[in-house]
Amino acid sequence: MIVWMIIGMAVVTAVPRFLPAFIVDLISFPRWIDRWLNAIPYAALGALIFPGILSVKPEAPQVGITAALVAGALAWLNLNIIVVVLGAIASVFLMTF
Amino acid sequence: MNSQAVEMPSYTRLDMVRKGVIAGFPIMLGYIPVALTYGVLAGQSGMTNAELTLMSVLVFAGAAQFLAVSMVAAGTGAVEIIIATFVLNFRHFVMSLSFMNRIRSITLRAKVPLSLGLTDETFTMSSLHKREANEEFGAWFYASLMLTAYLSWVGGSFLGGVLGDVIPPRLRESMGVALYAMFIGLLIPSVKKHFRIAFIALFAMIINYLFQLWGMSQGWAIVLGTLIGGLSGIWILEDDI
């Protein structure tokens, strides 16, 4: 029973993932759609960061905001992304005594 | 002087695999604690270790798997869980369209398996490694990036189910920020290069936030935030960004 549910979940997840591989093989887009699609990663980053970051510690949203500022500052200094991630983890660790 | 010395550096297949694994490393750091938690919760909801690992193998979508586990625990029917999964994962259609359009030069035979490895994290990380799309062994770079993420997700889920949560609670909670920090770490360098990109991300944030505030499900709010936020790129981006 659970296995069929898992297979159903796999199908509805896989189809939207692979259809675009065939779509771009069949159609080439006008330049404005290319620009739209090129902007999608930046828009996705925005939508994935906020408001999700507030729920790092749901009862204390300032923890997430502070960690975001730490990550932003480290990234602004051109530090490697691993340092950015570890710095944000350390800041949350220190804030949650 | 040897004429080869002035040619473009070309990377071997192994170089590209190595670069892909390195690029996948931050995702691994973020996935492992989340996957362990998933394994523990799924075990508590009554799923066997085989079932919860199979779900990670076949679905490979964190948020949807957590949702499914909480719905299983609440006794929700399979059809409802599948519909909820579709809604929550539909954003991968938008992301895949963007990524597939970027890697047009890679063969369809490689594009299809790569598309199945797309998550929020592998998509954003891969998309911001634009140069590899036009390199000879580019598909190997993206494949190893995605496999690094995939194996840590599947392995973490299994370990969570078998061992329980081995990370101390306070450290695990702190590691919950890892993926957000990674998204910030991906966005900032692009914003530094072209400040206008900040507006695209800000539009998407505001739209996502407002739609969730007005009661829309998180799945649709992220899809619409990404699509409408990205729409602003038509005017903001130039053809070569």
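The exercises below, each with a worked solution, concern a predicted model and the way chain B meets chain A in it.

**Exercise 1.** Describe the extent and the chemical character of the interface between chain B and chain A.

*Solution.* Begin with the residues: 85 residues of chain B are in contact with 68 residues of chain A. Next, take the area, which amounts to about 7000 Å² buried between chain B and chain A, with carbon and sulfur atoms giving 76% of that figure. Then turn to polar interactions, where 23 residue pairs are found in polar contact across the interface of chain B and chain A, both residues of each pair being at pLDDT 80 or more. On the side of chain B that touches chain A, the largest share, 12 residues, is supplied by helix α10 (residues 178-193) of chain B. Finally, sort that side of chain B by class, which yields 53 nonpolar, 20 polar and 12 charged residues.

**Exercise 2.** Which side chains meet in the salt bridges between chain B and chain A, and how many salt bridges does the whole structure hold?

*Solution.* A search over all chains finds eight salt bridges, and the count between chain B and chain A is two. In one of them the side chains of B:Glu173 and A:Lys57 meet, at 3.7 Å from N to O, which satisfies the criterion because a salt bridge requires the nitrogen to lie within 4 Å of a carboxyl oxygen. In another, B:Lys111 meets A:Asp25 at 3.3 Å, again from N to O. This pair runs from helix α6 (residues 108-116) of chain B to helix α1 (residues 2-26) of chain A.

**Exercise 3.** At what angle does helix α2 of chain A pack with α10(B), and how far apart are their axes?

*Solution.* Helix α2 (residues 31-49) of chain A packs with α10(B) at an angle of about 145°, and the two axes are 10 Å apart. The crossing of α2(A) past α10(B) is left-handed. From α2(A), the contact draws on A:Tyr42, A:Leu45, A:Leu48 and A:Ile49, while α10(B) contributes B:Tyr180, B:Phe183, B:Ile184, B:Leu186, B:Leu187 and B:Ser190. Classifying these residues gives nine nonpolar, one polar and no charged.

**Exercise 4.** Examine the backbone of chain A at A:Pro51 and at A:Asn78.

*Solution.* As background, most residues other than glycine have a negative phi, and most peptide bonds are trans. The bond joining A:Phe50 and A:Pro51 is cis, with omega about 5°, and A:Pro51 lies in the loop between α2 and α3 (61-76) of chain A. A:Asn78, although not a glycine, has a positive phi of about 65°, and its place is the loop between α3 and α4 (81-95) of chain A.

Methods: Residues numbered from 1 in each chain as written. Chains lettered and ligands numbered in written order. Predicted model: local features only at pLDDT ≥ 70, side-chain atom pairs only at ≥ 80, totals over all residues. Heavy atoms only, no water. Contact = heavy atoms within 4.5 Å. Buried area = accessible area lost by both parts, 1.4 Å probe. Polar contact = N/O pair within 3.5 Å; in protein donor to acceptor, adjacent residues only side chain to side chain. Helix = DSSP H or I, 4+ residues; strand = E, 2+ residues; numbered from the N terminus. Nonpolar A, V, L, I, M, F, W, Y, C, P; charged D, E, K, R; others polar. Axes fitted to C-alpha atoms, helices over the stretch in contact; angles between N-to-C directions. Left-handed = near helix turned anticlockwise from the far one by under 90°.
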